[in-house]
Every structure is written in structure tokens, then in C-alpha cells.
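Me: I have a structure open and I don't know how to read it. Can you take me through a few features, one at a time?

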Amino acid sequence: MLDFLDPLLLARIQFAANISFHILFPTITIGLAWVLLFFKWRYHRTADMKWMDAYALWVKVFALSFSLGVVSGIIMSFQFGTNWPGFMNTFGNIAGPLLAYEVLTAFFIEAIFVGVMLFGFNRVSNRVHTLSTLMVALATTLSAFWILVLSSWMHTPAGFEMRDGVAHATDWWAIIFNPSFPYRFSHMMVASFLTVAFLIAGLSAWRWLRGDRSAAVLATLRTGAFMGALLIPLQIFIGDLHGLNTLKYQPAKIAAIEAIWETDRGVPLVLFGFPDEEARTTHFAIEIPKLASIILTHDPDGELKGLNEFEGKHPPVAVVFWTFRVMVGIGVAMLVVGFWAAWRLRRQGSEPSVLLARVLFLMTFSGWVAVLAGWYTTEIGRQPWMVQGLQLVADAAGPVPGPQIAMTLTGYLLLYAVLLTAYIAVLFRLAKKAGPAELLEPKPKAPEPPSPTLPVTALEPKGV
């Protein structure tokens, strides 16, 4: 009855749903682990309890995000085998070790130190607790490193050779530091910090609007606002380098993002429009002359390849066109709000205006939306390839019938909707209930009860 369901399309939607849910939480934990270390460092430097109050709240947010990230990541690893056995059969010699490196390095470090960080508060020395926070921050970054290595390699494969249709590594250094890895890794790291910056600023603004004017609220609000103002220009710079690299190695993706239909020089930048693949045009396009060539080649008359060069081997145009613009649009909003917040807090007092607090609250989850939009641009922009130039997505899919995938996909979507709703609800409940932290110093030992003493006469031999 359900034979009309396309198994390949459903498998892609299922994997996209899983990775979309999963990526939300590492995006928070990677940046938040370093912010927690910053809170502890500020406490050590100033002995101001507001930093420990901030730590006490945000370490709970870290724990919540970390647990959901681990569980959803395990499901994703299973789907490599269930949904994409063709990929693992062909490229397992490379993908397998990279995933194993993540487990052997990052996961083990996290397993050892995250427990101390979460439950060692007032149970270990301050120095050991701070060291554990540092190790967790390093481990989350290391985890992102290995995952981005694999993702980047699928876009720009290097350091291997094909033998009887199976990839074999010949140079692990070239595999790890493949041509697009530095740009993807740095872009993702800064995206994670920006997500955390606006999450912290937004949630703090919500507490401030509710009347909580504690020093910890203002400290975290300022931390988030200044982080955003400092990092968004850096992200724009990295994004420009990333675009140049993508143009070199994946010109079809750039042609789809910019809706360039024919190869040309002095290509205009399409700000908005409605790409039409059948008609091979962009309806109602609003363009800025030569700007696409200037941005992508740094030359007003630079040549850009059009989609006509990649007939049948380019990604769906409308999807990557719009997801890219959502990502850039949110980035521009982050730039404006970040600069406004930093200026307002530095020049006009330590507290935000009501309008600024409301705007920051509205942008609480802006980082999530930008990351998802950027991720879709990257991964859908790789279509129709599973590994660029080597394997089509259709050749990697497994023989699972469409109805079975539809059934599990429905289950996943319902589960993710419930978990995401619960996560956000708990996040605000934690912020609402946040209070002063206990001082992280060894507690003085309670005086031992006096041992029962006997009168001197009791020591004398009886009967003397």
C-alpha cells in the first residue's frame, strides 16, 4: 500500500532529521565548555561569587546538552550502517578509523572528566575541578575535530587510492588535513561560540526582564553580548575564506548558492529571488552588479562557472540558495545586535535597556537556526554526491523498503519533537530557579565530638 514511498528520499530525510537534532547539542557544549572555564578563571582572579553563580547555572545546561548530544550521536552512528551501507562498504577504511579516533580520544577524556566537572563540586579540590573543566573543554573540541575531518573529507577527499572499488588510506596526514578541513573546522568552532554567546545573552536577558537584577545575570549577559560582538566579524572573515575554498573545490555548490545559470564574468550578486530550475532563471531577482565576482574572486570581472557546466551533477538550487541566505541573514542580525549590545553596555551603563533585553531574548536560539541553515547549505550542496566526485548518494543507500523507513522516521520525528520541547522547557526552568552557588572551597571540617574521658581516679587500679 505504501510502495510509492521513495526509500532514497526517506533515508535522506531520516538522516537529515537525526543529524539536525544531534548537531543542536554539540554546538552548545563545544563553546559552553570553554565559557565555563572562563567563569572559573574569572572567579579565581576576582573572588567574586557572581562568576560561581553563573557557573552553577550553566554547568547544568552543559550537562543537559551533553547527555542529549551523546544519545543522539549514538543513533546517528547506527544510521551509517542501516541507511548508507554502500558508503561504509566503500569508504569504511577511512570513515571507520576517523570515528574510532573520536571515541578513543575525545570520548574517553570526556567520560573521565565530565563526571568530576558535574558532580565534583565541593567534593574535589578547586584546582582539580578547574583542571577537569579544562579537560572537558579540550575533549569537546577534539570530538568536533574528528567529526569535521570526516565531513570535510567527504567534500574534498584526499590521501587515498581506490583498489577494486574500495578506498584505502595512503596518507593519513592528507586525509586529516584535507583541503577544506581548516575552513570547515574554524567555521564550526566560531559558530559554536556564537550560538553559546546569544544563548547566554538571551537567557540572561529573559531573567533580567523578569526582575532578576543579580550580579550574575548582568555578568553573563555582558559576557554573551561581548562574545557575540567580537566573534561575528571573525566569522565573516572565515566565511569569506571558506567561500574561496568552496569555489576552488566545489564550484557547482557555489553556482547553486548564487543561482548562477551560465558561466560568465562580472557576475552580479542575487540578494533575493526565486530560482526556477526548469526555466533556468531566477524570478524577481534583486541583484547588485558584479558583487558575486568581487566576493568570490576578489575581481570585479572575475569568471564564475554556471550551472550549465554541471548538467545533472549539481545540488538542488532553490534549497541551498535559501538556506545560505537564512544563514547570512542571521549573521547580519547577530552583527548588528552584538555591536549594539556591546556599545550599550560599555558606554551607557552596565544594564541593558528594556528594548535591548527583548531583542537579545528574541535571539536566544538564533545560533541554532544559523547553524542548521549553514549545515543544510553544506551537506545538500554536496548533492548528488555522497563523497564528492567518487560516489553518488543513490549508490550508498541500503535496500531497506520505503514503508519501513517511513515508520522509523515517524518515530524519530515524534521523539525529537518531544525531547526538544522538553529541553527548552527545562532550560528556562533552570534559569528561573537559578540561585547563588555554594562556595567552591574545601569546607571546614566539623569539630570532632570530644571523646569520653574518664576521671583520673578511674585509671587507678581497683582495690588500691
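**Reading a strand, a helix and a hairpin**

Reply: Start with one residue. Gln391 is found in strand E8, residues 391-392. Keep in mind that this is a predicted model.

Me: Is Gln391 buried or exposed?

Reply: Buried means under 20% relative accessible area. Gln391 has 6% relative accessibility, so it counts as buried.

Me: Which residues does Gln391 touch, leaving out those up to four places away in sequence?

Reply: Gln391 touches Gly86, Phe87, Thr90, Phe91, Trp385, Met386 and Ala396.

Me: What does the side chain of Gln391 reach at 3.1 Å?

Reply: That is the backbone oxygen of Gly86. The side chain of Gln391 also has a polar contact of 3.4 Å with the side chain of Thr90.

Me: Now a helix. How do I check the span of H4?

Reply: Count 1.5 Å a residue. H4 runs over residues 126-155, which is 30 residues, so it should span 44 Å. The C-alpha atoms at its ends are 44 Å apart, so the two values agree.

Me: How many residues of H4 are buried?

Reply: The count is 22 of 30, so to speak of H4 as mostly covered is fair.

Me: And strands: in what sense do E1 and E2 pair?

Reply: Antiparallel. E1 (residues 160-163) and E2 (residues 166-169) pair over 4 bridges. One example is Met162, whose bridge partner in E2 is Ala167.

Me: What do E1 and E2 form together?

Reply: A hairpin, with 2 residues between the strands. Look at Asp164 in the turn: its phi is positive, about 50°.

Notes
Residues numbered from 1 in each chain as written. Predicted model: local features only at pLDDT ≥ 70, side-chain atom pairs only at ≥ 80, totals over all residues. Heavy atoms only, no water. Expected span 1.5 Å × (residues − 1). Buried < 20%, exposed > 50% of the residue type's maximum accessible area, 1.4 Å probe, protein only. Polar contact = N/O pair within 3.5 Å; in protein donor to acceptor, adjacent residues only side chain to side chain. Contact = heavy atoms within 4.5 Å. Pairing = 2+ DSSP bridges.
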